[in-house]
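Please open the model in your viewer and keep the selection tool at hand. The stops below move from one selection to the next, with a short account of what is found at each.

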Amino acid sequence: MELRLTDEQKMVQQTIRRFVEKELMPLENDVLRNEREGKPGLPPGKLKELQLKAKEAGFWGINTPEEYGGADLGQMMMALVYMEVSKTFVPFAFGGSADNILYYANEEQKQKYLLPTINGDKKSCFAMTEPGAGSDTQNIKMTAVKDGNEWVLNGEKTFITGGNEADFVMVIAITDKERHRATRGREGVTCFIADRDMGWKSEYIHTMGEWGPAGLVFDNVRVPEENILGELHKGYNLGLEWIGFARWIVGARAVGAAERVMQMSIDYAKERETFGKPIAERQAIQWMIADSAVEIEAARWLVLNAAYTLDKGEDNRHLASIAKLYGANMGNRVIDRALQIHGGMGYTRELPLERWYREARLWRIYDGTDEIQKLIISRNLIKGHVKLGQYI
Ligand SMILES: Cc1cc2nc3c(=O)[nH]c(=O)nc-3n(C[C@H](O)[C@H](O)[C@H](O)COP(=O)(O)OP(=O)(O)OC[C@H]3O[C@@H](n4cnc5c(N)ncnc54)[C@H](O)[C@@H]3O)c2cc1C
């Protein structure tokens with residue numbers, strides 16, 4: 001067993017670190033100012049410019065197969081990349097990627113949706129959640145009824161990331177009510193690719209974060225038969241695959257952000273004096289720093305193990321739930337301590353800590369809430385699907 005990065009992994013980590021420090025961190029003040037004026041953090045065109053700079057450094061389609069022009073870095077590299085990029089709150093995402101489930105597209109759909117998405121000419125979103133069905137995904141109500149060569153979609157989706165900007169949505173709807181009931185939601189639902197100009201409407205949802213997802217309304221939206229993604233009646237598994245993909249990455253994001261705010265806290269504690277001494281010399285502050293360091297290291301290993309397991313071609317779902325649950329909560333605790341160490345300044349909008357504090361709260365909710373991760377982890381153990389210490 002080798003518990004150190006390879007030379008190649010170190011090189012990728014260093015390259016991304018330099019990119020973040022040189023290209024992204026200098027934009028932080030602008031991002032804060034823009035957001036406070038109610039504008040997007042990065043002006044239109046700036047994201048594209050940054051993506052092209054990253055491309056020059058070899059980072060384009062970091063999880064996209066090489067046959068589609070991507071770098072296909074693998075999961076360990078992705079974990080390292082996300083940990084580095086998350087050290088800044090600048091809303092950057094690498095170009096050249098598409099949702100994991102869009103690769104189930106047939107040849108025609110690949111030309112029409114997958115390739116334009118990878119190239120950045122089209123934007124997608126994925127819609128499973130409904131006002132009455134979040135954690136309980138099997139309780140969705142949206143229906144699709146066949147009419148000639150088309151399916152007619154009716155219903156509502158909510159909290160859809162990217163739903164305000166997307167050109168098309170991959171949306172899950174019930175296509176066979178009987179089968180849906182008999183299989184308790186596992187079958188009888190289908191994933192459709194629906195273009196915005198087929199008639200669905202989106203509405204911005206304001207959140208405590210700096211961006212908002214969308215509510216989507218489908219009122220007799222007609223989708224052609226050829227826009228079924230994957231198999232008819234088998235869309236539920238696609239939904240689970242989409243949700244599962246990002247799960248451990250939430251943990252990676254939390255590690256990156258926590259490292260940054262902790263370093264800010266250490267620097268501040270050495271400078272800030274009270275009662276004649278820097279607060280770094282007070283045990284109360286030292287303990288917050290120590291607790292944060294321990295938790296960050298623990299989360300880092302959990303995330304890397306989830307990524308490594310997937311690279312090995314093994315089922316990482318149990319580890320992904322553990323990495324997500326622990327990482328998300330660790331991130332919230334560390335950011336809370338960082339804010340505390342900064343005192344009144346931490347609470348102001350002079351510093352980005354309050355912004356991170358608000359953003360981090362989402363980590364415990366989307367891609368499966370804390371409670372749902374606990375349910376999965378305990379069920380796996382109680383039913384004997386996994387054993388303690390199995391993944392070593
Ligand atoms: C900003 C944002 C972006 C999102 N992006 C997307 C997206 O792109 N696409 C998409 O489809 N969805 C998206 N979601 C939806 C997200 O996945 C759901 O919000 C999440 O799964 C929780 O569902 P819910 O909000 O309906 O909460 P509920 O399921 O109603 O849960 C409410 C509370 O009850 C708890 N709970 C529920 N069931 C149980 C149980 N069996 N045992 C114990 N506790 C339980 C939950 O943990 C939670 O604390 C997004 C959400 C947000 C906030």
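Begin by selecting residues 234-381, a span that is 80% helix and 3% strand, and whose end C-alpha atoms lie 27 Å apart. In UniProt, an unreviewed entry lists these residues as "domain: Acyl-CoA dehydrogenase/oxidase C-terminal". Bear in mind throughout the tour that what is on the screen is a predicted model.

Next, select residues 125-209, which the unreviewed UniProt entry annotates as "domain: Acyl-CoA oxidase/dehydrogenase middle". Here the span is 7% helix and 44% strand, and 19 Å separate the C-alpha atoms at its ends.

For the third span, select residues 6-121, where UniProt, again in an unreviewed entry, places the feature "domain: Acyl-CoA dehydrogenase/oxidase N-terminal". This span is 53% helix and 0% strand, with its end C-alpha atoms 35 Å apart.

The domain assignment of the protein can now be coloured as a separate layer, with domain 1 at residues 7-97, domain 2 at 124-233 and domain 3 at 245-383. If you place a marker at the centre of domain 1 and another at the centre of domain 2, taken over C-alpha atoms, the two markers are 30 Å apart.

Stay with the strands for the next stop, and select β2 (residues 143-147) together with β3 (150-160). These two strands pair in the antiparallel sense over 5 bridges, and one of the pairs to look for is D147 with its bridge partner E150 in β3. Between the strands of this hairpin there are 2 residues, and G148 takes a positive phi near 65°.

Which strand pairs with β3 over 8 bridges? Add β7 (residues 214-224) to the selection, since this is the strand that runs antiparallel to β3 over those bridges; V152, for example, has R222 in β7 as its bridge partner. Adding β6 (residues 201-204) then shows another antiparallel pairing, in which 4 bridges join β6 to β7, and there the bridge partner of K201 is V217 in β7.

Now select the ligand and the residues around it. Of the 19 residues in this shell, T129, S135, F159, T369 and E371 come nearest to the ligand. By class, the shell is made up of 13 nonpolar, 5 polar and 1 charged residues, and at least three residues are drawn from each of domain 2 (124-233) and domain 3 (245-383).

Zoom in on the polar atoms of the ligand, and turn on distance labels. A nitrogen atom of the ligand is 3.0 Å from a polar backbone atom of F126, while an oxygen atom of the ligand is 2.9 Å from a polar backbone atom of M128. At T369 the side chain takes part instead, for one of its N or O atoms is 2.6 Å from an oxygen atom of the ligand. Taken on its own, the ligand has 970 Å² of accessible area, and the protein covers 64% of this.

For the last selection, which elements give two or more residues to the shell around the ligand? They are β1 (124-127), β3 (150-160) and α13 (370-382), so β3, met earlier as the antiparallel partner of β2, appears here again. From α13 comes the largest share of the shell, 3 residues.

How values were computed:
Residues numbered from 1 in each chain as written. Predicted model: local features only at pLDDT ≥ 70, side-chain atom pairs only at ≥ 80, totals over all residues. Heavy atoms only, no water. Near = heavy atom within 4 Å. Polar contact = N/O pair within 3.5 Å; in protein donor to acceptor, adjacent residues only side chain to side chain. Areas by Shrake-Rupley, 256 points an atom, 1.4 Å probe, with all protein chains shown as cover. Nonpolar A, V, L, I, M, F, W, Y, C, P; charged D, E, K, R; others polar. Domains from an automatic or database assignment. UniProt positions renumbered as here; feature names shortened; annotations may be inferred. Pairing = 2+ DSSP bridges.
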